[in-house]
Amino acid sequence: MLSDDHVNEIIIQVENVSSGVQSHPSSNQIFQEKVLLDSSINMVSSISDIDVIDSQTVSKRNDQKGNQVLRFSTSLNESMSQTLHSLECMGIDTPGSSHETVQGQKLIASLIPMTSRDRIKAIRNQPRTMEEKRNLRKIVDKEKSKQTHHILQLNCCIQCLNSISRAYRRSKNSLSEILNSISLWQKTLKIIGGKFGTSVLSYFNFLRWLLKFNIFSFILNFSFIIIPQFTVAEKNTLQFTGLEFFTGVGYFRDTVMYYGFYTNSTIQHGNSGASYNMQLAYIFTIGACLTTCFFSLLFSMAKYFRNNFINPHIYSGGITKLIFCWDFTVTQEKAVKLKQKNLSTEIRENLSELRQENSKLTFNQLLTRFSAYMVAWVVSTGVAIACCAAVYYLAEYNLEFLKTHSNPGAVLLLPFVVSCINLAVPCIYSTFRLVERYEMPRHEVYVLLIRNIFLKISIIGILCYYWLNTVALSGEECWETLIGQDIYRLLLMDFVFSLVNSFLGEFLRRIIGMQLITSLGLQEFDIARNVLELIYAQTLVWIGIFFCPLLPFIQMIMLFIMFYSKNISLMMNFQPPSKAWRASQMMTFFIFLLFFPSFTGVLCTLAITIWRLKPSADCGPFRGLPLFIHSIYSWIDTLSTRPGYLWVVWIYRNLIGSVHFFFILTLIVLIITYLYWQIAEGRKIMIRLLHEQIINEGKDKMFLIEKLIKLQDMEKKANPSSLVLERREVEQQGSLHLGEHDGSLDLRFRRSVQEGNPRA
């Protein structure tokens, strides 16, 4: 058998012989080279023939190896003959030849499109001297540089773009990793989701999402409104008593907290310094903040709607994903236990959804529940109307009440009553679940959200009417500051009531359920009531950001405290939901309620304030103007006289100041929303049909298997002798297989002995 060492020796001999050929060899040298090559080829063929003969005498396996060696020797003979032919035809081995021959041009043309590595290997394998190889490489490089000179610039641009895209992807991945590592409360949210499920987790995710809004709003206001005002602010001469934290009056009135403290002059330090118009900065900063919130809400709604309603994997059971997709990067014991809890909770949620979807009720049960739903809706609507009427009459007489009572705590009457209503009425709504008895917990949460949002938004609407029609037209010295103080007190009182309910009310409920009335047990977390508290507070912040620019900072602190207080109360006083259910679509509904009617109502309120109300004459950045919007009108008139800013004037008059533009924009948004909704409905139908098809195919297979079993039983009963013959055939086949297995083992043993001991 021809070994690899023999082949390498032959190749080395050929290379040595070829390297000995000079640029102008003689005919004797050429003849000697051919003789030497023929002798080496004959040696290879003779060795291969000997190996073939030996392989035929040894075994069948060695015969195959001999054939492989024979094929190798044949291919080597052919390659040798082709090499000799090319040597003769190219003119390299004959006197007076050059690279300009036809064969040389073909060789150069074949080497040019190769890569540098392949080209070096091909030139190295050529049977030439080192000097000829160097010359050939230089010629090929020169020809390649001529052909590819005009492509080099394009390749450089492509390489630059590729490097930029790679750097962008790497920076994006590293930035996402950094953001995930510094994400707020990531570990706490995993613990909550593992113990209480995604339904309770949706509340804390929504709270964190609102916190990001307030952080952005505070940074914007602090950068463009508060810092410039600090540069021209006068020293506050009022005395701080500490009561201002609850009432919002007194010392805080002459600070950057309220609208009335800001100047209406243009800030300029030095004669040559840049000017800063405080009117434009105030209105543009508030407008930029609300515009950013508007588009963020739209984008978030679209993203969650696409992920939770349109993608089909949401409606699949997802059991296979949970069971067969374990994250093997989780190695710590605590992380593994937490992952197990998350998986078990998600499996229970999926199974509960499947069970609840398949449950059906009789006609009498449906009629009874429909009657209970109607009664509950009538009672809840009546309670909401009564509460709104009480708030309306209290707000109408609030100014007269404050004038007759000089006690500083009298200003807390309206916020106290409103906070009591917001705390007590949702608890009454939550008791309706004992009568309604919804099969799916998601439907119960939706109904409670609708009832609570109707109550809270109605109360906010009445308060806005009171501020814009009673306070703004009352002739007070600085009515904008009064509205800001009312909103601050409402926000603070609602926060205090939430803390008291978390640490006192829920704690007492746990004591009663665990020790006094054990049949009640631990309570479940009321998602609807707690979410509506967040939406109510955020609505007040958006309304008051014009009258109190520091409200986002105050809300930011409150949300931090609220998260930890709710987390502690959740772990101590609540139990996981008795009916597990997936809340993946709840976040979309929360953001939709925050957008409509909350944020749209805020935009309407601020639009009326800016376009219809007259600012105070003695305070605020817009003092002395007939309307707030006149600061924009005067700025546009100033820009219209400057040719370089005419494009700003065109944008304002044709887009921002045009009713038709906003009408078209609203129409486009509604059309896109309708299309997404139709896509979601179509995919729901498609997924349901596919599920039914899978179930029917399974039934068809079971039917065919049963028929096949019956036919086999009938054949066995009709021909019992065939069964005996089948058994005999099986036994014979088994014995033959055993014999073959033993023979193969014996043959393997013999071969191993022969290989280990050649004499044997």
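Modeller: A residue is called buried when its relative accessible area is under 20%, exposed when it is over 50% and partly exposed in between, using a 1.4 Å probe and protein chains only. This is a predicted model, in which local features need pLDDT of at least 70 and side-chain atom pairs count only at pLDDT 80 or more, while totals for chains, interfaces and linings use all residues. Residues are numbered from 1 along each chain as its sequence is written, and side-chain values use heavy atoms, with hydrogens and water left out.

Biologist: How far apart are the sulfur atoms of Cys478 and Cys619?

Modeller: The structure holds one disulfide (a pair of cysteine sulfur atoms within 2.5 Å). Cys478 and Cys619 form this disulfide, and with 100 degrees about the S-S bond their link is right-handed. The distance between the two sulfur atoms is 2.0 Å.

Biologist: How many residues apart are Cys478 and Cys619 along the chain?

Modeller: Cys478 sits in the loop between helix H17 (441-471) and helix H18 (479-516), where helices are DSSP runs of H or I with at least four residues, numbered from the N terminus. Cys619 lies in the loop between helix H21 (586-612) and helix H22 (630-640). The pair thus links distant parts of the chain, and the separation in residues is 141.

Biologist: Are Cys478 and Cys619 buried or exposed?

Modeller: The cut-off for a buried residue is a relative accessible area under 20%. By that test, both Cys478 and Cys619 are buried.

Biologist: Why is Cys289 not bonded to Cys293, and how far apart are their sulfur atoms?

Modeller: Cys289 counts as buried, because its relative accessibility is 0%. The closest cysteine sulfur to that of Cys289 belongs to Cys293, but the two are too far apart for a bond, because the distance is 4.5 Å.

Biologist: What is the relative accessible area of Cys388?

Modeller: Cys388 is in no disulfide, and the nearest cysteine sulfur, that of Cys387, is 6.9 Å away. Cys388 is nevertheless buried, as its relative accessible area is 11%.

Biologist: How far apart are the end C-alpha atoms of residues 539-564?

Modeller: An unreviewed UniProt entry lists several spans as "transmembrane region", among them 209-230 and 539-564; such positions are given in the numbering used here, feature names are shortened, and annotations may be inferred rather than shown by experiment. In the model, residues 209-230 are 100% helix and 0% strand, with end C-alpha atoms 30 Å apart. Residues 539-564 are 77% helix and 0% strand, and the distance between their end C-alpha atoms is 22 Å.

Notes:
Helix = DSSP H or I, 4+ residues; strand = E, 2+ residues; numbered from the N terminus.
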